[in-house]
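Visitor: I am new here and would like to understand the words people use for a structure. Could you show me around?

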Amino acid sequence: MRSIIKASVATLTATTILAGAAFADGHAKLSGELNITSDMSNPAPRAVMERLAAQFDEKHPNLTVNLTVVDREAWKTQIRNSLSANAPDVVNWYAANRMGPYVSAGLFEDISDVWAEPAFEALASTKGAMTIDGKQWGVPYTYYQWGIYYREDIFKELGLSEPATFDEEMANCAKIVESGRKCYTIGSKFLWTAGGWFDYMNMRTNGFDFHMELAQGSVEWTDERVRETFSNWRKLIDMGAFVDDHQNYSWQEALPFMVKGEATAYLMGNFAVAPLREAGLTDDQLGFYQFPLIADVPQGEDAPTDTFHIPSGAMNKDAAREFLRFVTSEAVQSDINGNELGQLPVNSASSVADDKFITKGFDMLSNNAKGGVAQFFDRDFPAEMASAGMEGLQEFMVFPDNLDDILARLEETRARVYK
Amino acid sequence: MSAPADTPVTSNRGWYRRNEIAITPWLFLIPGIVFFSIYVVMPIFQSFWISFHEWDGLGDKTYVGTAHYERLLGIGDQKMDRKFEVSFWNNIKWLVLYLLAIPMGLFIALFLNQTVRGIRLYKSLFFFPFVISQVVVGLVFSWFYLPREGLLNAILGFFNMGSLNILGDPTMATYGIIAAGLWPQTAYCMILYLTGLNAVDPEQVEAARLDGAKGHKMLWYVILPQLKPATFIAFVVTIIGALRSFDLISIMTNGGPFGSTRVLSFYMFEESLSEFGFRMGYGSAIATVLFFIMLGFIVYFLYSMWREEKEAR
């Protein structure tokens, strides 16, 4: 009896030492299968994901990596079934509140241990977005800035310069409208684009902290400060700054206004650059500036982060953890974000792509986002509040006179959603 | 036949043999009953059950009693859920206006019920919209309605009548979608009437003609009564079609602008299964209300079918 216990203790120690050694040299002897389900279904991200899987597979000869790519939109509803039955080892999702339901249902693995490793200090800037209840539930792999993309050539033609304050912005806009153009294109059919405008108007009028308080439900929608945000926004709406009939268009359908020069700017995420370039705009014609200041508050910025998570039902968690270390490593981050993704690396040691918009965005987020970095309206606000909110925002953009009614409705929703 | 006339033979036959007449129909019905109860009846009761709970589809259910119904219907000190109210009235609009498909289908069927060269081709062309997917119909109509480039506005512009943004205007959008839905639905009713017209008794038409009936009198008193079965079916499929109106809304406006084109089925989907949804309890409560509205129609249909059969006997 005694010898058996002794033997097993010995084996256990041996295994631990072995594991420790393997861990130390960074090339754990991983075996078995690693099943990855990814939502990176657009052509460029898909190529990235396939390459990552292949590289990881090559690095670990005893490990077979199986990659399943699911349509990005479909994944938003499929993830539920996928996590609860026969879960893969690694999945894609989004940061902040969007993780909430899965974390509280215990479907995501707590990976605070991985975050505690020294290598993860390079990811500190995104740690907050991955934290719920003081624990980390996934790792980011890419993020991108939001801001105003504009037609530099039209600005030059009208003798305008990049505005730094809201007054300059409105003065610019008045001239643009006078020239028979619209200041901003937007397509609000799928609502979230209006959320981007609200994020910025509110963060600039009342500051980042107030915006987050609103997102967390501790401020009433009928609050005077919220009204001030809307009244600033209304100034632009009343001067005819936005394209007409935007409620009919998706964000892609709103791009031609900018390409044809009927509208001069677009408040969007950096992913809008690729289609604008494809449509024939050169880097001389296209510029980028940070959303101008309204009140004297530190700027908050939207920078949505896309993530990887380990489902708690995963079979090969060791390999999954190693994969998360792999995708967030300096080299991989420089590689994927610098090439196909064309976005910002989450690892601060990584190099940033030599691209006008990415370098500007990187500079803006590192030096000029003192207020804080938000995820986005539909990721920071809880789902029910976000959907009711964005619907109200769209209505406000079309019928600004309905504001009282809209705010009363949102307040009613707020009172119900946050309990 | 005549040999086993004596009684003991009966006892020799097996139990199944003895009860063959009574049991066989049930044997044939078993697969249907099993699948119907697993895939239709049970989910209905499950929905009832879920509608009394708060549930995100993942974690534990919390029992909340009739709270969802109170919020939905505005019982107690709260107002009726606005989204529900809008959806409900849109459903009524769909039900009433969708019925236009029946007279329009009848008219086209009467028009096509003649023998000219190539009539088969014309008939199939008229039937075409029913064959293509609703998604395609929705896309075609949303392009047709486009505020700047759309064909509708090109036509209006030609006559100097200004421009309309039908799908972007909360007061018109629902009517715009119903108009799109009427296109395939009319074709469906037309086919029903065309087959019905084939069965019209030529002798009765002849006799009526001898009696001097023509024009709308002929239609009203002689043809239409004979088309009654076709009308009934057209009515049933149109009502069901109106209550199921989901794909067109999803494609053309996605429930917008600002939720003004939602119907109950779309609202149910949004609450329970869409990207920002997963409020299964509330979604189920909407489903239950929709179920009872449909039940009203179903009971009416079953009753009139039963009455008809009784009269026929």
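Guide: Gladly! Please keep in mind that this model is predicted. Let us begin in strand S9 of chain A, where Ala263(A) is the bridge partner of Lys182(A).

Visitor: What makes S8(A) and S9(A) a pair of strands?

Guide: Pairing takes at least two bridges. Two bridges join S8(A) to S9(A), residues 263–269, so they pair, and they run parallel.

Visitor: Why is S8 of chain A called an edge strand?

Guide: The open sheet has four strands in the order S8-S9-S7-S10 (chain A), with mixed pairing. S8 (182–184) and S10 (286–289) of chain A each pair on one side only, and these are the edge strands. On average, neighbouring strands of this sheet are turned by 25° against each other, direction ignored.

Visitor: How do you know that Cys173(A) and Cys183(A) form a disulfide?

Guide: The cut-off is 2.5 Å between the sulfur atoms. Here the S to S distance is 1.9 Å, so the pair counts as a disulfide. Cys173(A) lies in helix H8 (residues 166–178) of chain A and Cys183(A) in strand S8 of chain A, so the disulfide ties together parts that are ten residues apart in sequence.

Visitor: What makes this disulfide right-handed?

Guide: The torsion about its S-S bond is about 100°, so it is right-handed.

Visitor: Why are Cys173(A) and Cys183(A) called buried?

Guide: Buried means under 20% relative accessible area. Cys173(A) has 1%, so it is buried. Cys183(A) has 2%, so it is buried too.

Visitor: And why does Cys189(B) count as buried?

Guide: Its relative accessibility is 0%, which is under 20%, so Cys189(B) is buried.

Definitions and conventions
Residues are numbered from 1 along each chain as its sequence is written. Chains are lettered from A and ligands numbered from 1 in the order in which they are written. This is a predicted model: local features need pLDDT of at least 70, side-chain atom pairs count only at pLDDT 80 or more; totals for chains, interfaces and linings use all residues. Side-chain values use heavy atoms; hydrogens and water are left out. Axes are lines fitted to C-alpha atoms, for helices over the stretch in contact, and angles run from 0 to 180 degrees between N-to-C directions. Buried means under 20% relative accessible area, exposed over 50%, partly exposed in between (1.4 Å probe, protein chains only).
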